[in-house]
Amino acid sequence: MDRGKIPDLTARDSKIYVDLKDIIKENALPFLPAKSVVKFKAVCRDWRFQISAPLFAHNQSLSCHSTSGIFIQIHRGSPSLIPIDANSCGVPDPILSFLPEPVDIKSSSNGLLCCRGREGDKVYYICNPFTKQWKELPKSNANHGSVPAIVLLFEPSLLNFVAEYKIICAFPSTDFGKATEFDIYSSREGSWEIAREICFGDRTILPKSGVHANGVVYWMTTDNILAFDLTKERSQLLQSYDTHGFLGTFSGKLCKVDVTGNIILLNILANTHSNTMQMGSQIKMWSEKQTVVLDSEIVGNVARNYSVLHVDSDIMVARCGGRTYSYDFKSCATKFLSSEVGIRRCFPYVNSLVSL
């Protein structure tokens, strides 16, 4: 390009025009939620083929990982999706009627849902609600109970074009009294296997409390936190002075949320071995990460107790006065989501094109 000469940016054969088009197509589109991405199919024939290609779906599942909505399900009703931004997040069938039977959502992970049928053998299904792809899982030999403590783990991988995931269920042992066992499903193996590890002790797991962080699954119990390392297949009990807290993840680590009135305190798991340190050690198991106060202009000035439904590095979802709000950790913005009554749990959702 000659110095001082201004290029014609409107010319379709302009080098700058071509480069900018390719930059957007290759480096911007994969980072958008699926609902936004499919709109760009109308730009041109080239973009339509690009977005429809399996390789693009794979790249989008790797690049787009921010929580873009939450699935809710109230007392055996149909599921529904509450988008954080309705313009960019959505699914064609939020009630999941494409599945063979009515289901209850049990867990979610990076765009996939783990659901359980309500009748008969109570079959587990894995599905992508955007593409409406689904798979039925084989029946386990273990008795997971009527309210299973299920956690789905799916981490998109550059080398895996088809999703590889695991499901873990902590269940009361039928062979040993006052003990907990762990049943693991691997999509790679296509089967369930009960881990060799057994966690002895009289405790009750809160089945809807399960989360995972960095390959470890955590559940709240009536008196502590139960951890299970999937790689080592070892369990551990962590101290929790407040068993009424909520478990989430933050920056890839376990996060425990404690609520006092309208103040929400996030504590990050810092050291799982602090209880074995010498007397007088200053090393603590939990470190205070952040204090959150929702915007009073959005939630009102009336002093109320919050209940936290979800927390990750992107957003927190909380209930207050019968209304559901989100809090964005980057912008510190509070947003009203829903006035739906009876919401006691939500499932974070990433609007992904991941293939099953």
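In this predicted model, Tyr-125 has a relative accessibility of 3% and therefore counts as buried, the limit for that class being under 20%. The ring of Tyr-125 forms an aromatic pair with that of Trp-134. The centres of these two rings lie 5.9 Å apart, and with 70° between the planes the arrangement is edge-to-face. Trp-134 has a relative accessibility of 34%, so this residue is classed as partly exposed. The pair thus joins a buried tyrosine to a partly exposed tryptophan.

A pair of aromatic rings is described by the distance of the centres and the angle of the planes. Twelve aromatic pairs are present in the structure. One of them involves Phe-40 and Trp-47, whose ring centres are separated by 6.0 Å; because their planes meet at 45°, the pair is tilted. Here too the accessibilities of the partners may be stated: Trp-47, at 7%, is buried, whereas Phe-40, at 30%, is partly exposed. Aromatic residues also form a cluster, made up of Tyr-124, Tyr-165, Tyr-185 and Trp-192.

Charged side chains are found over aromatic rings as well. Arg-48 is placed over the face of Phe-49, 5.4 Å from the centre of the ring. Lys-256 is positioned over the face of Trp-286, and its distance from the ring centre is 5.4 Å.

Tyr-165, a member of the aromatic cluster, is also a contact of Ser-186. Ser-186 belongs to strand S9, which covers residues 179-186. With a relative accessibility of 13%, Ser-186 is buried. Beyond its neighbours within four places in sequence, Ser-186 contacts Lys-166 and Ser-191 in addition to Tyr-165. A polar atom of the Ser-186 side chain is 3.3 Å from the backbone nitrogen of Arg-188.

Strand S10, residues 191-200, contains Ala-195. The relative accessible area of Ala-195 is 6%, so this residue is buried. When residues up to four places away in sequence are set aside, Ala-195 touches Phe-182, Ile-184, Phe-228 and Glu-233. The C-alpha atoms of Ala-195 and Arg-234 are 9.0 Å apart, although 39 residues separate the two in sequence.

A loop position offers a further example. Val-123 lies in the loop that connects strand S4 (112-117) with strand S5 (124-128). At 19% relative accessibility, Val-123 counts as buried, because the class extends to values under 20%. Apart from residues up to four places away in sequence, the contacts of Val-123 are Glu-101, Cys-115, Arg-116, Gly-117, Glu-136 and Leu-137. Val-123 and Glu-101 are 22 residues apart along the chain, and their C-alpha atoms are separated by 9.6 Å.

The account closes with a sheet. Strands of a sheet pair through backbone hydrogen bonds, either parallel or antiparallel. In this model an open sheet is formed by three strands, in the order S2-S1-S23, with antiparallel pairing. Strand S2 (80-83) and strand S23 (346-349) are the edge strands, each of which pairs on one side only. From one strand to the next, the twist averages 30°. Strand S1, residues 69-72, is joined to S23 by four bridges, and these two strands run antiparallel. Within this pairing, Ile-70 has Pro-348 in S23 as its bridge partner.

Definitions and conventions:
Residues numbered from 1 in each chain as written. Predicted model: local features only at pLDDT ≥ 70, side-chain atom pairs only at ≥ 80, totals over all residues. Heavy atoms only, no water. Pairing = 2+ DSSP bridges. Axes fitted to C-alpha atoms, helices over the stretch in contact; angles between N-to-C directions. Buried < 20%, exposed > 50% of the residue type's maximum accessible area, 1.4 Å probe, protein only. Polar contact = N/O pair within 3.5 Å; in protein donor to acceptor, adjacent residues only side chain to side chain. Contact = heavy atoms within 4.5 Å. Phe/Tyr/Trp six-rings, centres within 6.5 Å; stacked < 30°, edge-to-face > 60°. Lys NZ or Arg CZ within 6 Å of the ring centre and 35° of its normal.
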